[in-house]
Amino acid sequence: MDVRRFCTTARVVIVAGKGGVGKTTVTAALAVCAARAGLSVLIVEVEGKSGLAACFGSRDLGYAEIDLAPGIRARTLTPEAALADWLEGNGFGRVARRLGASGVLDVVASAVPGVQDILVLGKVRSLEQQGAYDLIIVDAPAAGHAITFLTSPAGLAEVVAAGPVRAQAAEATAMLADPHRAQVLLVTAPEETPVNEAIETAFALEDRVGVALAPIVVNGIYPPLGDPDDPDDLVAIAADAAAADLPLTEAEVADLAAAVAFRRARTEVQERQAAALAAALPLPQLRLPFVFEAEIGRPQLEALADALAAGIAALPEPADAP
């Protein structure tokens, strides 16, 4: 599939996954892919704790948009700031400033269960409707909260009869139900617990929200480690080390053998989990390699964007493609 087509399937892509699976990194890599395809991108971070800006070598995000890279801007969205913004836009600027100064704004924003999520999603919907960006990528809460985050609009729309809260809920629900406006991109790691949680999240979102699911990203795949049936690879490595004037002792060769065996065992586990995911969840998989560096900087981000673009290119074109 063409990368540009993939990145314009929906105007809002909500990236969700269990904590620690690389959700924020995938958000950044997708933004790079879209920008490379000539699209304007806004990243919306909703928890305020991610290292998203650090991936681009930028300062921490705030409510105001900042440039991260050519074609990519980003901001943080908090319920309190979204409420203040809404009050300001509806002629209650003085009230918003007074509430903010007194600390009451935080209390108001969390007064009713689900209101915080509605405030954030309502702002995302407003940004989507403005049409200033080709793609808005939401770095959503971790999977458990992501379900609540995305089901709150429908729940509030059912229990609130009228007023601005119901209007916000209904508008957010309409956005999430339209696959041309919003999709969820789930991220998982090839391990049992993240895979099981991704499967549960996918079915929960389809059943309770009705939101469209994009291909699922399986992050952290180990690259191949030679031929698993080749008994001479360690001998060859030892010979290469000796040729480079770095001879290995028998103990070092044994340690290396143990490391290779462990790596291959982990690769087998990853393949089994990816296969289990495919069997339980009929979504195409986009596989990203494991990053062995301690930090994700711009070079690592570019490499991940390359891998993501290659995975997208291997996807079949939709049936309605020209």
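Contact here means heavy atoms within 4.5 Å. The model is predicted. The exercises below use that model.

**Exercise 1. Find the residues at the centre of contacts in the largest nonpolar core, and name the helix that gives the most to it.**

Solution. Start with the core itself. It has 44 residues. Ile43, Phe56 and Ile72 touch the most other members. Next, look for the main contributor. Helix α2, residues 23-36, gives the most, with 9 residues. A second, separate core has 40 residues, including Ala140, Val209, Leu213 and Leu281.

**Exercise 2. List what Phe56 touches, leaving out residues up to four places away in sequence.**

Solution. Take the partners in sequence order. Ala28 and Val32 are among them. Ile43 is also touched by Phe56. Then come Leu68, Ala69 and Ile72. Arg298 and Leu301 complete the list.

**Exercise 3. Place Ile43 in the fold and decide whether it is buried or exposed.**

Solution. First, the element: Ile43 is found in strand β2, residues 41-45. Second, the accessibility. Buried means under 20% relative accessible area. Ile43 has 0%, so it is buried. Third, the partners. Beyond four places in sequence, Ile43 touches Thr27, Ala31, Leu52, Phe56 and Leu68, among others. Ile72, Arg73, Ala74, Arg75 and Ile137 are also on its list. Last, a distance: Ile43 and Ala28 are 15 residues apart in sequence, and their C-alpha atoms are 8.1 Å apart.

**Exercise 4. Work out why Cys33 forms no disulfide.**

Solution. Find the closest cysteine sulfur to that of Cys33. It belongs to Cys7, 6.2 Å away. Now apply the cut-off: a disulfide needs sulfur atoms within 2.5 Å. The sulfur of Cys7 is therefore too far for a bond. The count of disulfides comes to 0. Check the surroundings too. Cys33 counts as buried, at 2% relative accessibility. Cys55 also counts as buried, at 5%.

**Exercise 5. Describe the aromatic pair of Tyr222 and Phe292, then say which ring is buried and which is exposed.**

Solution. A pair of aromatic rings is described by the distance of the centres and the angle of the planes. For Tyr222 and Phe292, the centres are 6.1 Å apart and the planes meet at 15°. Planes under 30 degrees apart count as stacked, and this pair is stacked. A search of the whole structure finds 3 aromatic pairs.

Now locate the two residues. Tyr222 is in the loop between β8 and α11. Phe292 is in the loop between β9 and α13. They are 70 residues apart, so the pair links distant parts of the chain. Tyr222 is buried at 18%, whereas Phe292 is exposed at 52%. Ring pairs also join Tyr222, Phe290 and Phe292 into a cluster.

**Exercise 6. Find the charged residues that lie over the rings of Tyr63 and Tyr222.**

Solution. Begin with Tyr63. The charged end of Arg75 sits over its ring, 4.4 Å from the centre. Go on to Tyr222. Arg263 lies over its face, at 5.1 Å from the ring centre.

**Exercise 7. Test the length of helix α12 against the span it should have.**

Solution. Helix α12 covers residues 250-280, which is 31 residues. At 1.5 Å a residue, it should span 45 Å. Its end C-alpha atoms are 45 Å apart, so the two values agree. Which residues of α12 are buried? They are Val260, Arg263, Arg264, Gln270, Gln273, Ala274 and Leu277.

Methods
Residues numbered from 1 in each chain as written. Predicted model: local features only at pLDDT ≥ 70, side-chain atom pairs only at ≥ 80, totals over all residues. Heavy atoms only, no water. Core = buried A, V, L, I, M, F, W, Y, C linked by side-chain atoms within 4.5 Å. Buried < 20%, exposed > 50% of the residue type's maximum accessible area, 1.4 Å probe, protein only. Helix = DSSP H or I, 4+ residues; strand = E, 2+ residues; numbered from the N terminus. Phe/Tyr/Trp six-rings, centres within 6.5 Å; stacked < 30°, edge-to-face > 60°. Lys NZ or Arg CZ within 6 Å of the ring centre and 35° of its normal. Expected span 1.5 Å × (residues − 1).
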